[in-house]
Amino acid sequence: MKTHFFTVPFLVGFNILTVLILGVLSIYAKLNNKGDGVERLFSDPFNFWFPYEGILTGVSEVLGCISVAICAFTFGLLRQKQPRSRSSIFLFFSALLLGILYLDDRFRMTLILSRLGISKKLIYLCYGSGVFLYIFNFWRYIKTTPYLPLAAAFVLFAISRFEDILNSRSIGLHAMLEDGTKLLALVNMALYFWHVCHQEIEQHFQQSEQR
């Protein structure tokens, strides 16, 4: 675990910083009864009267987009020379899975489907099955990488989705358990794929130079 944490650059620092920020916000909200203020940080932007509204939602969307873009770009680069390599196939399906999750989050697809009568539990079961198949098929490759941040991201995503179903009565607690855990998951996800894609591109250029 220690090796995994220190292999990916900035992983420890960004995780600690994110947890500290969320922790301070939680304590502040609890002491000052400002749960609605925390909720605003994760609401949909933009509100003229509350400029900070939705700022952490925006950060989450940027992080989600970064992971998709990195995987898609690296796949496009690797497939030129190694179209059937395990790494390029892994990055293709990573971009596909993350892209679907990003679109769901950005365009509120789960919320729309639930309003149409489709149970959130069924939707999340489908997503969970997709994640399971992803891990099952690529486990041999994943375990050659520092996979701890990826595992942490999936666990945090699961906590976030469970909270969405349970829906805690406390506004501040609900925001932290649903959106705070999702933000932390996206931090780990972005750092993991940044590191993996950097390593794959570096190996790609080294092999090109040797040839």
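**Close-ups of a helix pair and two pockets**

**View 1. Helix 5 meets helix 7 in this predicted model.** On the helix 5 side, the contact takes in Arg86, Ser87, Ile89, Phe90, Phe93, Ser94, Leu97, Ile100, Leu101 and Asp104, and across from them in helix 7 sit Tyr127, Val131, Tyr134, Asn137, Phe138, Tyr141 and Ile142. Sort these contact residues by class and you get 12 nonpolar, three polar and two charged.

**View 2. Here's how the axes of helix 5 and helix 7 cross.** The axis of helix 5 (residues 86-106) and that of helix 7 (residues 120-142) come within 11 Å, with a crossing angle of roughly 160°. Angles over 145 degrees count as roughly antiparallel, so that's the label for helix 5 and helix 7. The crossing itself is left-handed.

**View 3. The largest pocket has a volume of about 1,200 Å³.** Its lining runs to 39 residues, with Asp104, Asp105, Tyr124, Arg161 and Lys182 nearest the centre. Helix 4 (55-78), helix 5, helix 6 (109-115), helix 7, helix 8 (148-166) and helix 9 (171-210) each chip in at least two residues, and helix 7 gives the most, with eight. The lining is a mix of 17 nonpolar, nine polar and 13 charged residues.

**View 4. The second largest pocket holds about 390 Å³ of space.** Phe14, Thr18, Leu63, Val187 and Leu191 are the closest to its centre, out of 17 lining residues. Helix 2 (11-32), helix 4 and helix 9 are the elements that give two or more residues to this lining. By class, the lining of the second largest pocket counts 16 nonpolar residues, one polar and no charged ones.

Technical notes:
Residues numbered from 1 in each chain as written. Predicted model: local features only at pLDDT ≥ 70, side-chain atom pairs only at ≥ 80, totals over all residues. Heavy atoms only, no water. Axes fitted to C-alpha atoms, helices over the stretch in contact; angles between N-to-C directions. Helix = DSSP H or I, 4+ residues; strand = E, 2+ residues; numbered from the N terminus. Parallel < 35°, antiparallel > 145°, perpendicular 65-115°, else oblique. Left-handed = near helix turned anticlockwise from the far one by under 90°. Contact = heavy atoms within 4.5 Å. Nonpolar A, V, L, I, M, F, W, Y, C, P; charged D, E, K, R; others polar. 1 Å grid on protein atoms, 1.4 Å probe; cavity = no way out; pocket = protein on both sides within 12 Å on 5 of 7 lines; lining within 4 Å. Points joined across faces, edges and corners; volume = space filled by probe spheres on them.
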